[in-house]
Amino acid sequence: VYQVFESVAKKYDVMNDSMTLGIHRVWKDILIHKMNPSPGTLLLDVAGGTGDIAFRFINYVRSVRERQLQRKLKHHQNLSWQEIFESYQKDRLNLLGDSQVVVCDINREMLKVGKQKAQHLGYSEGLSWVLGNAEELPFDDDKFDVYTIAFGIRNVTRIDLALQEAYRVLKPGGRFLCLEFSHVSNPVLSRLYDLYSFQVIPVLGEVIAGDWKSYQYLVESIRRFPPQEELKEMIEDAGFFKVDYENLNFGIVAIHSGFKL
Amino acid sequence: LRCQHYPPLRALQASAALSRVSDEHKKEPLTSPSQQQFDSHPDGHQPKQEPQGPRPSYTGQGGQESEDYESEEQLQHRILTAALEFVPEHGWTAEAIAEGAKTLGLSVAAAGLFHSDGSELILHFVSECNTKLSELLEQEQKLVQLGEAEKKPTDEFLRNAVEARLRMLIPYIEKWPQALSILLLPRNIPSSLSLLTSMIDDIWHYAGDQSTDFNWYTRRAVLTGIYNTTELVMLQDSSPDFEDTWRFLENRVADAMTMSNTASQVQSTGEAVVQGLMGAAVTVSN
């Protein structure tokens with residue numbers, strides 16, 4: 001698995017766009033919307049190498065924070081200028097409202113690409129990049145508000161261990177969110193999807209990234225991955241409550257959510 | 001310590017933490033082992049404190065699954081109740097719920113348990129207010145039964161009941177219009193309507209009015225109308241202690257009472273008219 005990602009790191013984003021015809025951006029947006037993070041949230045994004053989820057999270061939190069500040073300003077109609085100035089100073093330096101995201105990935109190359117992207121896009125605050133294994137996270141217990149793993153969990157050898165680790169590092173009340181390819185139950189769509197996956201994707205892989213085998217592996221790993229209900233049970237086994245899933249695009253992708261209560 | 005060896009014994013960590021917080025009135029780090037016993041656990045289960053681990057285990061095995069489920073709902077209730085404190089500042093939103101969760105020692109992500117538009121928070125509040133009203137009316141009724149208070153005439157009773165219920169809105173009055181609009185969303189209408197009708201039914205039940213001037217449906221409709229219009233008036237009222245609203249309420253209730261009298265008058269007049277006509281018909285036929 002490591003070598004697959006070493007070779008695809010640089011072309012990862014381009015391949016994502018071409019494979020999913022750009023829809024993956026929408027999927028990731030939906031994930032963040034479902035999370036609905038408030039400022040002050042501490043997010044752990046596992047297997048989030050190139051930072052897609054992290055950047056979206058920061059954008060979302062920033063806009064929520066802006067709205068919050070605007071509302072505060074409206075309430076300030078009766079304060080003196082001095083008071084307004086002081087609170088403005090305090091808030092201005094806190095545009096993210098203390099929100100932070102830690103991007104954790106097992107692959108150094110992916111993290112490198114992510115860091116470069118962050119610099120390029122101008123994300124400086126609230127980001128950390130940590131090398132780590134989803135089955136054995138280098139973090140203390142009860143640390144994070146939200147744990148996300150987008151298109152990463154199918155690459156983990158022992159999913160149950162990753163889920164247990166997720167449970168461990170989340171604070172009580174914390175949320176587990178998993179965005180992953182899943183099972184299409186509609187038979188017609190399923191045929192088309194299979195056709196697309198096995199015929200088109202490896203070809204794209206060869207053409208764009210010069211790597212047929214990695215994308216062949218990708219498609220096969222998607223097929224091998226447990227379907228929605230099974231994954232839901234695995235998440236419940238790890239100790240999460242209120243576990244639920246939401247199918248996107250008829251089950252091509254699903255978002256699973258659980259809470260540590 | 002991992003409790004993975006005991007999957008059937010897993011407890012709600014958070015509810016244990018919550019009771020710790022509420023019992024001791026201070027935040028304790030969750031990984032520190034505690035030696036306290038808590039006897040009156042609000043959820044009704046008795047976790048045994050283990051000195052080495054923060055996770056209590058159930059002493060009772062019976063109804064394990066149902067206890068967990070019950071605790072989840074109760075936890076949600078607690079979060080919503082805690083969130084009410086933040087409504088004046090944040091409105092009926094997920095943010096208020098997040099702040100509420102924080103005060104209970106939970107992560108802000110727990111707000112994700114609920115819908116992002118705050119519907120559940122509002123419905124929870126309405127249902128709590130209705131419960132409070134019922135309790136109030138129940139107590140009043142007991143006093144009357146014990147002879148310690150006089151039974152109020154219907155119009156005064158209705159006035160007091162509606163006023164008491166509407167007064168519960170006062171701390172949240174600024175954000176109440178927002179709440180009303182959310183309650184009117186198609187998705188929420190079944191719940192909000194049923195809460196409203198059960199509250200109105202409750203008031204009539206305690207009013208104990210045996211008069212046959214109104215039938216049951218009219219009574220419900222009339223009081224619902226009074227309640228809703230008074231609520232709207234209250235939202236626009238800027239008089240001290242809402243005295244304009246209570247005067248409006250008084251007038252509406254008085255109207256309703258007169259209407260009932262008029263109705264019965266109309267009925268008896270109608271009967272008289274019919275009898276007169278019958279008499280006239282008989283006379284004419286003779």
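Here a trainee and a mentor talk through a predicted model and the rules behind its terms.

Trainee: Before we start, how do you know which residues and atoms count?

Mentor: Residues are numbered from 1 along each chain as its sequence is written, while chains are lettered from A and ligands numbered from 1 in the order in which they are written. As the model is predicted, local features need pLDDT of at least 70, side-chain atom pairs count only at pLDDT 80 or more, and totals for chains, interfaces and linings use all residues; side-chain values use heavy atoms, with hydrogens and water left out.

Trainee: What makes a residue part of the contact of chain B and chain A, and how many does each chain give?

Mentor: Contact means heavy atoms within 4.5 Å. By that rule chain B gives 26 residues and chain A gives 27 residues.

Trainee: How much area do chain B and chain A bury between them?

Mentor: About 2300 Å², with 55% of it on carbon and sulfur atoms. Buried area is the accessible area (1.4 Å probe) that two parts lose on being put together, summed over both.

Trainee: Why is the pair Arg71(A) and Glu95(B) called a salt bridge?

Mentor: The term asks for a side-chain nitrogen of Lys or Arg within 4 Å of a carboxyl oxygen of Asp or Glu. In this pair the closest N and O atoms are 2.9 Å apart, so Arg71(A) and Glu95(B) meet the rule. The rule finds one salt bridge across this interface. In general, side chains of opposite charge can pair when their charged atoms come close.

Trainee: Which salt bridge can you show me in chain A?

Mentor: Try Asp29(A) and Arg56(A), at 2.7 Å from N to O. Asp29(A) sits in helix H3 (residues 23-35) of chain A and Arg56(A) in helix H4 (residues 52-75) of chain A, so the pair ties together parts 27 residues apart in sequence. Over all chains, the structure holds 21 salt bridges.

Trainee: What makes a pair a polar contact, and how many residue pairs does the rule find across the interface of chain B and chain A?

Mentor: A polar contact is a pair of N or O atoms within 3.5 Å; within protein, one must be able to donate a hydrogen and the other to accept it, and residues adjacent in sequence count only if both atoms are side-chain atoms. Five residue pairs, both at pLDDT 80 or more, pass across this interface.

Trainee: How is chain B divided into domains?

Mentor: Into domain 1 (72-116) and domain 2 (119-267), with bounds from an automatic or database domain assignment. Their C-alpha centres lie 28 Å apart. Domain 1 of chain B brings 15 residues to the contact and domain 2 of chain B brings 13 residues.

Trainee: Which residues supply most of what domain 1 of chain B buries against domain 2 of chain B?

Mentor: The two domains bury about 1300 Å², and carbon and sulfur atoms give 69% of it. Leu84(B), Trp92(B) and His115(B) supply 55% of the area on the domain 1 side, more than any other three residues. The salt bridge count between these domains is zero, but four residue pairs, both at pLDDT 80 or more, are in polar contact.

Trainee: What is Met257(B) in contact with, beyond its neighbours within four places in sequence?

Mentor: Thr154(B), Asp155(B) and Leu158(B). Met257(B) itself is in helix H10 (residues 243-285) of chain B; helices here are DSSP runs (H or I, at least four residues), numbered from the N terminus.

Key: Helix = DSSP H or I, 4+ residues; strand = E, 2+ residues; numbered from the N terminus.
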